[in-house]
Amino acid sequence: MKKNRLLAKWLNNDLSQDELAEFEASPDFEKYQKIKNYTDHLEVDDFDENRMLSNILNQKKETPKVIPLYKKWIFKAAAVFVLALGITFVMKLFVPQTQTANFGEKTSFSLPDNSEVVLNSGSEISYKKWNWANNRHLELKGEAYFKVAKGRRFEVQTSLGKVSVLGTQFNVKVRKNKFDVVCYEGRVKVNYANTQIVLTHGQSVNFENGKQVKLNVRSLKPEWIDNQISFYQENIRAILDEVERQYNITIELNTKDTVSLFTGKLPAKDLNTAIQIISTTYHLEAKKVSKNKIIFDEK
């Protein structure tokens, strides 16, 4: 503290003779003397307050960078859009995909391995794209025709049974308690309850209420693909259900005869002809009460 006080007084030439002698005897005096000799040669311009103020006022002012509010919303919207794309990608990849054919319609689409599927009216298929190459599995409600690409195992699960195939063409139909499978090419393995059966080209099997019927078919594809509704020993209620599905209409049946069985075909694109065939076969009188409703009465 005393040393700093002596240094300050020395720089101001304010030391007494005794203090000066004491300060010059200190070990740092030589160093202080060199510094003082150097600073004595420095020249400092006079301080001009007016000129400094003028310089400050004339300096170019930088406008603060302000982001307009609408741009902030654009950034937020872009972020939301990117996030939505990510969620959409995940949904498409991991969440089951669903294809449907409404009443009166048919729908065709391709699976991830390019297998072709045609859904009949009033049918639905769901499957997952994720790991499809190793898990080619889908669930069917209704009726569908498949052209399976060659490759690994392909499975169709229904509420009544399962069909397993390897590179083939086949049709699967589920109606209430009835399960039909037709093989048009290759081989298919059908599982129903505790029963397992293998079908080859030109064979079909029908399960209903635990009963099994195996038939041979000559057609190369399902008749409904060509707008023909095919029946084999079906009762009238099952026939009318299918007509409702194909034409997207409502049918009311007023008859006691629901046991007689029908084998044959009905057109899927000509409602008047279909009604005429049903009326003649079952001795009924058909009435169109509206555009989308028909009533069958006994004659």
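This section describes the helices α6 and α7 of a predicted model, followed by several residues in loops and in α6.

The chain has 299 residues, of which 35% count as buried. Its secondary structure comprises seven helices and 19 strands. Among the contacts in the chain with a separation of 6 or more, 39% are accounted for by residues 24 or more positions apart.

Helix α6 covers residues 236-247 and helix α7 residues 271-282; their axes come within 12 Å and cross at roughly 175 degrees. Angles over 145 degrees count as roughly antiparallel, and α6 and α7 are therefore roughly antiparallel to each other. On the α6 side the contact is made by I236, I239, L240, V243 and Y247, and on the α7 side by L271, A274, I278 and Y282. Sorted by class, the residues of this contact between α6 and α7 are nine nonpolar, with no polar and no charged residues.

The length of each helix was compared with the span expected at 1.5 Å a residue. For the 12 residues of α6 the expected span is 16 Å, and the end C-alpha atoms are 16 Å apart, which agrees. For the 12 residues of α7 the expected span is likewise 16 Å, and the end C-alpha atoms lie 17 Å apart, which also agrees.

Burial was examined next for each helix. Helix α6 is mostly covered, with 10 of its 12 residues buried. These are I236, I239, L240, D241, E242, V243, E244, R245, Q246 and Y247. In α7 the buried residues are L271, A274, I275, I278, S279 and Y282. They cover an arc of only 130 degrees around the axis, which puts them on the same side of α7. The face of α7 turned away from this buried side carries the exposed residues Q276 and T280. The elements that cover the buried residues of α7 include helix α6 and the strands β15 (228-235), β17 (261-267), β18 (284-290) and β19 (293-298).

Within α6, E244 was considered individually. E244 has a relative accessible area of 14% and is therefore buried, the cut-off being under 20%. Not counting residues up to four places away in sequence, E244 touches F103, R237, I249, T250 and I251. The C-alpha atoms of E244 and N292 are 9.4 Å apart in space, while the two residues are 48 residues apart in sequence.

Two residues other than glycine were examined for a positive phi. Most residues other than glycine have a negative phi. Helix α7 is followed by H283, whose phi is positive, near 55 degrees. H283 is placed in the loop between α7 and β18. With a relative accessible area of 59%, H283 is exposed, the cut-off being over 50%. N209 is not a glycine either, and has a positive phi of about 55 degrees. N209 is in the loop between β13 (203-208) and β14 (211-216). With a relative accessible area of 56%, N209 is exposed.

The loop between β16 (250-254) and β17 contains D257, and T255 is also found in the loop between β16 and β17. T255 has a relative accessible area of 19% and so is buried. D257, at 32% relative accessibility, counts as partly exposed. Leaving aside neighbours within four places in sequence, D257 is in contact with I236, Y282 and E298. Of these contact partners, I236 is among the residues of α6 that make the contact with α7, and Y282 is among those of α7. The C-alpha atoms of D257 and I236 are separated by 8.2 Å, with the residues 21 residues apart along the chain. T255 touches L284 and E298, not counting residues up to four places away in sequence. E298 thus appears in the contacts of D257 and in those of T255. The C-alpha atoms of T255 and K299 are 9.3 Å apart in space, and the residues are 44 residues apart in sequence.

Technical notes. Residues numbered from 1 in each chain as written. Predicted model: local features only at pLDDT ≥ 70, side-chain atom pairs only at ≥ 80, totals over all residues. Heavy atoms only, no water. Axes fitted to C-alpha atoms, helices over the stretch in contact; angles between N-to-C directions. Helix = DSSP H or I, 4+ residues; strand = E, 2+ residues; numbered from the N terminus. Parallel < 35°, antiparallel > 145°, perpendicular 65-115°, else oblique. Contact = heavy atoms within 4.5 Å. Nonpolar A, V, L, I, M, F, W, Y, C, P; charged D, E, K, R; others polar. Expected span 1.5 Å × (residues − 1). Buried < 20%, exposed > 50% of the residue type's maximum accessible area, 1.4 Å probe, protein only. Arc of directions from axis to C-beta.
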